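Subject: Handing over a structure

Dear colleague,

I am passing this structure on to you, and below it you will find an account of what came out of looking through it. Please read the two side by side.

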Amino acid sequence: MTLFDFAKFDGQKTASRTFRKGSGIRSLLLILGASVAGLVKVHAVAAEALPPALKRPIAHFSQDAVIQEAKALASEPYVAPPPRDHDPAKELAGTYDEYRMARFRPEAAIQLDKVGKYRLQLLPTAWIHNEEVELALVDNGVSTPVRADPDMFDWGTLKKVAAFSKGVPLSGFRINGPLNSPDVSDEIIVFQGASYFRALSRGQVYGISARGLALRTGAIGGEEFPRFTKFWIERPEPHANKLVVHALLESRSVAGAYLFKIDPGDTTVIDIEATLFPRTEISQIGLAPLTSMYLVSSSDRTRVSDFRPSVHDSDGLTIHNGSGEYLWRPLSNPRQIEVSMFQDDGPKGFGLEQRERKFAAYQDLEAKYHLRPSVWVEPKSDWGRGSVVLVELPTETEANDNIVAFWRPDEALAPGKAYRLAYRLSWPDTFRDIGPKVRIMRTMAGLSIGSDRSEGAVQFVIEYDGIEGESDRVEILPTMQTSEGRLSKAQVQVNREAGTLRVAFKFYPEASETAELRVALSALQGGSETWLYRWTKGMHQ
């Protein structure tokens with residue numbers, strides 16, 4: 001069974017829908033600036049107590065209805081939205097600081113279940129979030145549209161709310177529940193901006209984001225940003241642990257129907273089913289895309305000067321390929337856009353990981369990077385031939401999300417067909433329970449301090465964890481390769497202070513502009529990861 005099931009669809013007519021391009025690869029750290037996590041006590045709100053603005057006519061709902069709506073949309077040509085003379089969202093809050101003033105009142109949260117375990121908070125259109133979405137609640141197959149009144153929000157010193165007298169247009173939503181404590185309502189998941197969403201597991205703070213779909217990421221001519229335009233949120237049964245959200249995706253090139261089954265907990269898990277209907281042939285597609293931020297770490301400190309040792313939401317890409325090998329690729333903040341493609345057949349999984357979990361590695365009391373989640377993508381079928389694609393963009397600030405990873409099938413998606421896929425997103429602290437016993441904890445790199453510095457020699461140190469019982473085995477030998485330049489002989493040392501193993505070597509670029517480095521360890525019980533690294537000229541100068 002391959003990645004997709006294929007099916008022809010007819011040219012069913014429907015009213016044309018419009019789409020405005022999303023905000024792009026930019027700071028998702030800022031999107032949740034107005035969130036209130038872990039501060040609100042759980043309390044029930046009876047359905048009859050909902051504001052009148054939330055009571056609207058009802059309609060029948062099913063997952064197939066969303067699929068049929070996406071199918072009908074794809075059969076119509078894309079029509080761009082008409083230009084607007086003014087932007088109410090920016091008039092209300094034109095800056096990030098103004099946006100943070102507009103807060104949803106916790107007491108106005110919409111109770112999703114009968115016992116008040118899960119509660120829905122609404123996010124207004126403001127600042128960069130100027131794209132309105134439609135929300136509806138689903139109860140026993142009956143869909144009720146959600147509308148928001150201005151008095152559901154605390155506007156702070158903002159005075160420009162007159163335009164919202166007939167209801168506040170919404171840019172997204174978040175769901176709160178007892179994630180860290182049974183009597184405290186913490187944020188669990190948020191959907192806002194294009195097709196972006198973020199989730200949390202117990203003890204985490206927001207960091208990496210996922211997306212419904214990526215198109216033309218890193219391509220010349222710019223990226224296309226599909227966006228979720230409609231959401232249907234099912235009311236869970238009493239004492240149910242899972243949340244169910246449906247979404248309609250739209251863009252110039254594709255329409256799609258998404259189903260999210262969210263299971264929050266120690267490790268929050270999201271099972272996703274998507275049905276895509278291309279309007280045009282799509283070759284530069286990104287499935288199960290992840291978006292993160294990497295500014296600086298011990299492997300490269302030359303791009304940015306910062307008082308903190310490391311600044312990133314993720315420090316590496318992990319791949320479990322079809323042949324069973326685990327690959328670890330440290331991230332970088334390059335001087336120009338870098339695109340890496342890891343070809344595979346039937347990938348078992350991939351993800352962006354925040355592997356370094358110690359506060360001392362970041363020294364940031366506010367951002368708490370040591371508590372940021374990792375995200376693992378696990379296909380639920382054979383995805384066939386394709387590539388895990390890693391896009392690294394240069395950035396001077398942590399306010400920009402500059403890392404994207406996704407799966408791209410070799411075969412382009414053709415119009416007139418339905419493409420279905422299913423996968424699981426897990427949000428653990430690290431992939432310790434996913435990969436092999438011996439894992440790479442960190443990569444350290446810098447110009448050589450020896451006489452060979454004039455040759456541009458780069459000193460690399462790879463540190464491995466999980467070597468208990470292996471430290472005295474003389475057959476721990478690295479196999480090293482480089483596509484360009486040359487490598488010195490490796491030195492293998494046990495770091496008894498930390499109980500780790502270090503492999504140190506030098507790379508001599510010679511006349512090369514770029515090089516792909518690879519290091520693998522042999523004869524380790526339980527297996528080890530393979531280290532991959534892309535060196536580019538000027539990287540450590």
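To begin with one residue: is Glu510 buried or exposed? Glu510 counts as exposed, since its relative accessibility is 56% and the cut-off for that class is over 50%. Please keep in mind throughout that this is a predicted model, and that what follows describes that model.

First, the chain as a whole. The protein chain has 541 residues, and 57% of them are buried, while its secondary structure consists of 37 strands and three helices. Among the contacts in the chain with a separation of 6 or more, 70% are between residues that lie 24 or more positions apart. The accessible surface amounts to about 22,300 Å², and carbon and sulfur atoms account for 50% of that area.

Of the helices, I would point you to α1, which covers residues 63–74. From its first C-alpha to its last this helix of 12 residues reaches 17 Å, which is close to the expected 16 Å. Its buried residues include Val66, Ile67 and Leu73, and also Glu69 and Lys71. The partners against which the buried residues of α1 pack are four strands, namely β15 (227–234), β16 (243–250), β17 (254–263) and β18 (268–278).

Next comes strand β12, residues 196–199, which is covered on both faces, with Tyr196 and Arg198 buried on one side and Phe197 and Ala199 buried on the other. In a regular strand, side chains alternate between the two faces of the sheet. Strand β12 runs antiparallel to β11 (residues 184–192), to which three bridges join it, and Val190 is the residue that stands opposite Arg198. Three residues lie between the two strands of this hairpin, where Gly193 takes a positive phi near 90 degrees. Strand β12 is also joined by two bridges to β13 (residues 209–211), again in an antiparallel arrangement, and here Tyr196 has Arg211 as its bridge partner.

Turning to the interior, the largest nonpolar core holds 84 residues, and the members that touch the most others are Leu122, Phe260 and Leu425. Strand β29 (residues 417–427) contributes the largest share of this core, with five residues. Leaving out residues up to four places away in sequence, Leu425 touches, among others, Phe197 and Ala210, as well as Ile270, Ile272, Leu290 and Trp376. Apart from this core lies another, of 24 residues, which include Phe460, Tyr464, Phe505 and Trp531.

Val438 also deserves a look, and this residue is found in the loop between β29 and β30 (439–447). Its relative accessible area is 0%, so Val438 is buried. Beyond its neighbours within four places in sequence, Val438 is in contact with residues including Tyr464, Asp465, Ile467, Leu524 and Gly527. Although Val438 and Gly527 are 89 residues apart along the chain, their C-alpha atoms are separated by 6.4 Å.

Finally, the charged pairs. Side chains of opposite charge can pair when their charged atoms come close, and a search of the whole structure finds 29 salt bridges. One of these pairs is Arg174 with Glu187, whose closest N and O atoms are 3.8 Å apart. This pair links strand β10 (residues 170–177), where Arg174 lies, to strand β11, where Glu187 lies, across 13 residues of sequence, and both Arg174 and Glu187 are buried.

A second salt bridge joins the side chains of Asp465 and Arg432, with an N to O distance of 3.2 Å. Asp465 belongs to strand β31 (residues 458–465), whereas Arg432 sits in the loop between β29 and β30, and 33 residues separate the two. Arg432 counts as partly exposed because its relative accessibility is 33%.

A third pair brings us back to Glu510, which forms a salt bridge with Arg486 in which the closest N and O atoms are 3.1 Å apart. Arg486 lies in strand β33 (residues 486–487) and Glu510 in the loop between β35 (500–508) and β36 (514–521), so placed that they are 24 residues apart. Arg486 has a relative accessible area of 37% and is therefore partly exposed. Elsewhere, salt bridges that share partners join Asp306, Arg308, Asp364 and Glu398 into one network.

With best wishes

Methods. Residues numbered from 1 in each chain as written. Predicted model: local features only at pLDDT ≥ 70, side-chain atom pairs only at ≥ 80, totals over all residues. Heavy atoms only, no water. Buried < 20%, exposed > 50% of the residue type's maximum accessible area, 1.4 Å probe, protein only. Contact = heavy atoms within 4.5 Å. Areas by Shrake-Rupley, 256 points an atom, 1.4 Å probe, with all protein chains shown as cover. Expected span 1.5 Å × (residues − 1). Pairing = 2+ DSSP bridges. Core = buried A, V, L, I, M, F, W, Y, C linked by side-chain atoms within 4.5 Å. Salt bridge = Lys/Arg side-chain N within 4 Å of Asp/Glu carboxyl O.
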